[in-house]
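Trainee: I would like to go through this model with you. Shall we start with helix packing and then turn to the ligand?

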Amino acid sequence: MLQRPRRNRQSAVIRSMVEENRLSVKDMMFPLFVMEGQNTQTEISSMPGIYRFTLDLLLAEIESCVKLGIQSFALFPQIPESKKDSMATESYKKGNIYTESIYEISKRFPEISLLTDVAMDPYSSDGHDGIVKDGQILNDETLPVLAKMAIAQAQAGSKLIGPSDMMDGRVGYLRQALDEAGYSQVGIMAYTVKYASAFYGPFRDALESAPKFGDKKTYQMNPANRREALIEAELDEMEGADFLMVKPALAYLDIIALLKENSHLPIAAYNVSGEYAMVKAAAQNGWIDGEKAMLESLLSIKRAGAQVILTYFAKEFAQLKLA
Ligand code: PBG
């Protein structure tokens, strides 16, 4: 036999020498949840090990993550039901918990990267990512709300916004609004290919943001579609995105690879809440080795082509202190 692939697998050193992909904590972005109040943290029952923090405790949490080498974070707010309305006005009110958090985090940790979320759903009494009228999700009417939100976040110190709403044209609209307001340095990580997925359930528990009626299929993509992802990618790229994101990650590795081949922009992938919950639940039952399953899943996302991995596993990974 001329070729014996097993020769390159015969020792740990050789295996490591021919290893094509290696995970680093630098690949990862850690999603965090902030809520109003003081000195409180609540575990999200469908996401073991993940908490909502009040801002004071969140700052301490970020500090401990930074010590572990985590350099980038994504932040989401849980807004009390009493502050939600159909126009998501809380999202751009001065001094709201979200912009206050952005301000404090940016001041205290100027060296980190913080992705700030632009979407109506945490603040919407309808639980949708756009303005609802007669059961329809309005597209163009939603764009100015998103722009107000993005500018409020930029004013608070955000350097990277993440439109996660899937309205048409929002990347270009936000790019122009930011530029006109003097924030041409603020980047956009676009949620470019976001599927209408069953894997967002635990996240909606964390924010109490589930849609009050219907589903998100008129704006999020059909899981059956692959070529359509290229349309979304071309549009976001033309409209000025700095990163393209695929979400969820594990059930869409082919889409990550597709975007990687078809764009020169950095590709991000969101290893979403349900994907995290599945590994945790099986591990708690003793059905799989949770740590190994975590490492293998994260590696598969990197191998598929993601340069940035948003994952609830980031801290647990960092704690392993692998190189
Ligand atoms: C909504 C948003 C969602 C997530 C991030 N932003 C859920 C949704 O579209 O309903 C999900 C993230 C996760 O599940 O971890 N703007």
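Trainee: At roughly what angle do the axes of α8 and helix α10 cross?

Mentor: Keep in mind that this is a predicted model. Two packed helices are described by the angle between their axes and the distance between the axes. Here the axes of α8 and α10 (residues 290-304) come within 8 Å. Their crossing angle is roughly 30°.

Trainee: How are α8 and α10 oriented to each other?

Mentor: Angles under 35 degrees count as roughly parallel. The α8 and α10 axes cross at roughly 30°. Therefore the two helices, α8 and α10, are roughly parallel.

Trainee: Which residues of α10 meet α8?

Mentor: From α8 come Leu253, Ile256, Ala257 and Lys260. By class, this contact of α8 with α10 has five nonpolar residues, one polar and one charged. On the α10 side, the residues are Ser300, Ile301 and Ala304.

Trainee: What is the orientation of α7 to α8?

Mentor: Helix α7 spans residues 227-238 and helix α8 residues 253-262. Their axes come within 10 Å and cross at roughly 45°. That angle makes α7 and α8 oblique.

Trainee: How many charged residues does the contact of α7 with α8 have?

Mentor: Helix α7 contributes Ala229, Leu230 and Ala233. Helix α8 contributes Ile255, Leu258, Leu259 and Asn262. Six of the contact residues are nonpolar and one is polar. The number of charged residues is none.

Trainee: Which residue forms a cis peptide bond with Lys247, and where does that residue lie?

Mentor: Most peptide bonds are trans. The bond after Lys247 is cis, with omega about -10°. The partner is in the loop between β10 (243-247) and α8. That residue is Pro248.

Trainee: What is the phi of Asp134?

Mentor: Asp134 sits in the loop between β6 (131-133) and β7 (136-138). Most residues other than glycine have a negative phi. Asp134 is not a glycine, yet its phi is positive, at about 50°.

Trainee: Now the ligand. Which residues are closest to the ligand?

Mentor: The ligand has 16 residues around it. Lys247, of the cis bond, is one of the closest. The closest are Arg204, Lys216, Lys247, Ser273 and Tyr312.

Trainee: How far is a polar side-chain atom of Ser273 from an oxygen atom of the ligand?

Mentor: Take two other polar pairs alongside. A polar side-chain atom of Asp121 is 3.0 Å from a ligand nitrogen atom. An N or O atom in the Lys216 side chain is 2.7 Å from a ligand oxygen atom. For Ser273 and a ligand oxygen atom, the distance is 2.6 Å.

Note on methods:
Residues are numbered from 1 along each chain as its sequence is written. This is a predicted model: local features need pLDDT of at least 70, side-chain atom pairs count only at pLDDT 80 or more; totals for chains, interfaces and linings use all residues. Side-chain values use heavy atoms; hydrogens and water are left out. Axes are lines fitted to C-alpha atoms, for helices over the stretch in contact, and angles run from 0 to 180 degrees between N-to-C directions. Helices (H or I, at least four residues) and strands (E, at least two) are DSSP runs, numbered from the N terminus. Angles under 35 degrees count as roughly parallel, over 145 as roughly antiparallel, 65 to 115 as roughly perpendicular and the rest as oblique. Contact means heavy atoms within 4.5 Å. Ala, Val, Leu, Ile, Met, Phe, Trp, Tyr, Cys and Pro count as nonpolar, Asp, Glu, Lys and Arg as charged, and the others, Gly among them, as polar. A residue is near a molecule or strand if one of its heavy atoms lies within 4 Å of it. A polar contact is a pair of N or O atoms within 3.5 Å; within protein, one must be able to donate a hydrogen and the other to accept it, and residues adjacent in sequence count only if both atoms are side-chain atoms.
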